[in-house]
Amino acid sequence: METAKVWIAGEWRAADAASTFEAENPSTGKKLRRLFPVSRLSDCDRALSAAAEAAHAMEQVPPEKIAAFLEAYAERIAASAETLAQAAHEETGLALTPRLQDVEIPRTVDQLRQAAAAIAIRSTLQWPTSRSCDGQIGTSNTATPTAMAFPSTTMATTQGGITPP
């Protein structure tokens with residue numbers, strides 16, 4: 001049985017695995033005949049470095065392109081709903097209906113579409129998004145190390161990572 005690969009830095013690759021495990025359906029105990037790696041820290045470090053680079057690169061992507069990607073991703077999930085629900089059912093034991101097919105997948109699709117709509121709206125506005133060191137709110141469309149102000153909360157961003165206030 002082949003061990004699943006991991007997605008790091010835009011490509012599927014063999015994991016630097018300490019071990020593997022075989023997935024099973026928790027509601028039946030039946031093995032799913034899939035081996036998954038338990039990655040070592042080196043894989044985690046590579047994934048985190050790649051994520052930081054990707055977050056930095058995303059600063060240069062026009063909001064319209066991000067919104068279009070999210071819409072397309074939502075569409076692909078909706079088109080694959082039955083297959084995704086079956087896989088999630090086997091891996092989690094959650095009911096196909098109503099939980100997965102009628103709640104989880106439609107909610108995920110809706111959330112992606114809402115995010116796309118919010119990005120599209122934001123791309124046409126200059127919102128107060130950054131707070132300078134002297135506490136003055138400015139406007140910015142980039143994710144620089146700054147504090148992003150929202151009506152109910154403030155989050156600090158540092159080169160692609162978000163930390164709680």
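# Contacts, helices and confidence

Reader: Which residue has a side chain joined to that of N25 by a polar contact of 2.7 Å?
Author: A polar contact is a pair of N or O atoms within 3.5 Å; within protein, one must be able to donate a hydrogen and the other to accept it, and residues adjacent in sequence count only if both atoms are side-chain atoms. N25 sits in the loop between β3 (17-24) and β4. Its side-chain partner at 2.7 Å is S27.

Reader: What pLDDT do local features need in this model?
Author: Residues are numbered from 1 along each chain as its sequence is written, and side-chain values use heavy atoms, with hydrogens and water left out. The model is predicted: side-chain atom pairs count only at pLDDT 80 or more, totals for chains, interfaces and linings use all residues, and local features need pLDDT of at least 70.

Reader: Is N25 buried or exposed?
Author: Buried means under 20% relative accessible area, exposed over 50%, and partly exposed in between (1.4 Å probe, protein chains only). N25 touches K30, L32, H89, E90 and G93, leaving out residues up to four places away in sequence; contact means heavy atoms within 4.5 Å. The relative accessibility of N25 is 7%, so N25 counts as buried.

Reader: What is the sign of phi at G93, the residue that follows α3?
Author: Helix α3 covers residues 81-92, 12 residues in total. It reaches 16 Å from first C-alpha to last, close to the expected 16 Å (the expected span is 1.5 Å times one less than the number of residues). G93 then follows, with phi near 80° and positive.

Reader: How many helices and strands does the chain have?
Author: Helices (H or I, at least four residues) and strands (E, at least two) are DSSP runs, numbered from the N terminus. Along the sequence the pattern reads β-β-β-β-α-α-α-α-β-β-β-β-β. The tally is 4 helices and 9 strands.

Reader: How far apart in space are F36 and F21, C-alpha to C-alpha?
Author: F36 belongs to strand β4 (residues 31-39). It counts as partly exposed because its relative accessibility is 22%. Beyond residues up to four places away, it touches T3, A4, S19, T20, F21 and A23. F36 and F21 are 15 residues apart in sequence, and their spacing in space is 5.4 Å.

Reader: How many aromatic pairs does the structure hold, and at what angle are the ring planes of W7 and W12?
Author: Rings of Phe, Tyr and Trp (its six-membered ring) pair if their centres lie within 6.5 Å; planes under 30 degrees apart count as stacked, over 60 as edge-to-face and the rest as tilted. The structure has 3 such pairs. The ring centres of W7 and W12 are 5.2 Å apart, and the pair is edge-to-face because the planes stand at 65°.

Reader: Is W12 buried or exposed?
Author: Its relative accessibility is 56%. So W12 counts as exposed.

Reader: Which residue meets D43 in a salt bridge of 4.0 Å?
Author: A salt bridge is a side-chain nitrogen of Lys or Arg within 4 Å of a carboxyl oxygen of Asp or Glu. D43 lies in helix α1 (residues 41-58), and its partner lies 3 residues away, about one turn of the helix. D43 is buried because its relative accessibility is 3%. The partner is R46.

Reader: Which residue forms a salt bridge with E71?
Author: The closest N and O atoms of this pair are 3.6 Å apart, and the partner of E71 is R113. E71 lies in helix α2 (residues 63-79) and R113 in helix α4 (residues 96-123), so the bridge ties together parts 42 residues apart in sequence. E71 is partly exposed, at 36% relative accessibility. Partly exposed too, at a relative accessible area of 29%, is R113.

Reader: How far apart are the closest N and O atoms of E104 and R99?
Author: E104 counts as buried, at 19% relative accessibility. R99 is partly exposed, at 37%. Their salt bridge has its closest N and O atoms at 2.6 Å.

Reader: Which residues are joined into one network by salt bridges that share partners?
Author: The whole structure holds 10 salt bridges. Those sharing partners link R13, D43 and R46.

Reader: Over which residues is the pLDDT below 50?
Author: pLDDT is the predictor's confidence in each residue, from 0 to 100. The chain averages 80, and 74% of residues score at least 70. One stretch has 58 contacts beyond near neighbours in sequence, yet its pLDDT is below 50: residues 129-165.
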